[in-house]
Amino acid sequence: MKKIFGYVLTPLFYLSFLLTLIIFQPIQWLCYKLSGYKAHKKSVDMLNFFLTYCQYTLGNSITFINEQQLPENRPIIFIANHQSMFDIPGMIWFLRKHQVKFISKIELTKGIPSISFNLKYGGGANINRKDNKQAIGEIIKLGRRMHDNNWSAMIFAEGTRAKDGQMKKFHIGGIATLFKINPNALIVPIAIENSWKVVQYGAYPLCTGESLRWTVLPPLLTEGKSLEEITLAAETSIREKLQQQLPA
């Protein structure tokens, strides 16, 4: 039944999603060109508010749970599992006060209304996956911006989306680079649930009646631990929330 409703509602979702991107393209440009970073950041926050709640056109619910008292004057490295493109707008909106930046494929900096503009000028890292030297350099630059501005970063440590919701093993790379530049950064896992179900049939139809959920988990203790231990602790924390076992 959810799939049947998806055939009917998916065009409405895509229309609302695309209109949001088109409308916010000139808004972002004006904010950035006339008032700089702060105004641009507010426009990006509002863009992602509307992108997040476009899910309502599919009858999907949005739940963000954050019971942690996270500081606003300290860099935070958020580590999350990754299930679909719909993971991202909600985290930008709900974590907006933490100035969260993402590591993105450089290909996304061209041709996508609103999204490409934000990736170019929003302060994140745009990496070429075929050029390891360029990718590391961009992540180092992001780490320095975090240090200088008390920004935060989001790492999808699996390296790719888990299309069936089953987490892959976490990689240390991006976490290690950012943490070495920001050794005082707080490490905070986030568990993402059910966004993979929205695209379980592919781009069309999208699934309806799903419950998208983000849960901010307790910060990790890092003192005296290696980066490998910290990464494994983040993975374990998220797996426990999702009730998934560590791979053998």
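Me: Where is Ser 114 found?
Reply: Ser 114 sits in the loop between β3 (100-105) and α4 (115-121), where helices (H or I, at least four residues) and strands (E, at least two) are DSSP runs numbered from the N terminus. This is a predicted model, in which local features need pLDDT of at least 70 and side-chain atom pairs count only at pLDDT 80 or more, while totals for chains, interfaces and linings use all residues. Residues are numbered from 1 along each chain as its sequence is written, and side-chain values use heavy atoms, with hydrogens and water left out.

Me: Is Ser 114 buried or exposed?
Reply: Ser 114 counts as buried, at 0% relative accessibility; buried means under 20% relative accessible area, exposed over 50%, and partly exposed in between, with a 1.4 Å probe and protein chains only.

Me: And which residues does Ser 114 touch?
Reply: Leaving aside residues up to four places away in sequence, Ser 114 touches Thr 20, Leu 21, Phe 24, Gln 25, Gln 28 and Leu 47, a contact being heavy atoms within 4.5 Å.

Me: Switching to the sheet, what is the strand order?
Reply: The open sheet is formed by 7 strands in the order β1-β7-β6-β2-β5-β3-β4, with mixed pairing, and two strands pair if DSSP finds at least two bridges between them. The edge strands are β1 (61-66) and β4 (125-127), each of which pairs on one side only.

Me: By how many degrees are neighbouring strands turned against each other?
Reply: On average, neighbouring strands of this sheet are turned by 20 degrees against each other, direction ignored.

Me: Which helix packs on the sheet?
Reply: Helix α8 (residues 227-242) packs there, touching β2, β6 and β7, and its direction makes about 30 degrees with that of β6. For such angles, axes are lines fitted to C-alpha atoms, for helices over the stretch in contact, and the values run from 0 to 180 degrees between N-to-C directions.

Me: How many residues of β5 are buried?
Reply: In strand β5 (residues 152-156), 5 of its 5 residues are buried. Both faces are covered, with Ser 152, Met 154 and Phe 156 on one side and Ala 153 and Ile 155 on the other.

Me: What about its pairing with β2 and β3?
Reply: Strand β2 (residues 76-80) pairs with β5 in the parallel sense over 4 bridges, and Ile 77 stands opposite Ala 153. Strands β3 and β5 also run parallel, joined by 3 bridges, with Met 154 as the bridge partner of Phe 102.

Me: New topic: how many salt bridges are there?
Reply: The structure holds 6 salt bridges, each being a side-chain nitrogen of Lys or Arg within 4 Å of a carboxyl oxygen of Asp or Glu. One of them joins Glu 210 to Lys 2, with the closest N and O atoms 3.3 Å apart. Glu 210 lies in the loop between α7 (195-198) and β7 (211-216) and Lys 2 in helix α1 (residues 2-35), so the pair ties together parts that are 208 residues apart in sequence.

Me: Are those two buried or exposed?
Reply: Glu 210 is buried, with a relative accessible area of 6%, whereas Lys 2 is partly exposed, with 37%.

Me: And what is the N to O distance for Asp 45 and Lys 41?
Reply: The side chains of Asp 45 and Lys 41 meet in a salt bridge at 2.8 Å, N to O. These residues are 4 apart in helix α2 (residues 37-53), so about one helical turn separates them. Asp 45 is buried at 9% relative accessibility, and Lys 41 is buried at 11%.
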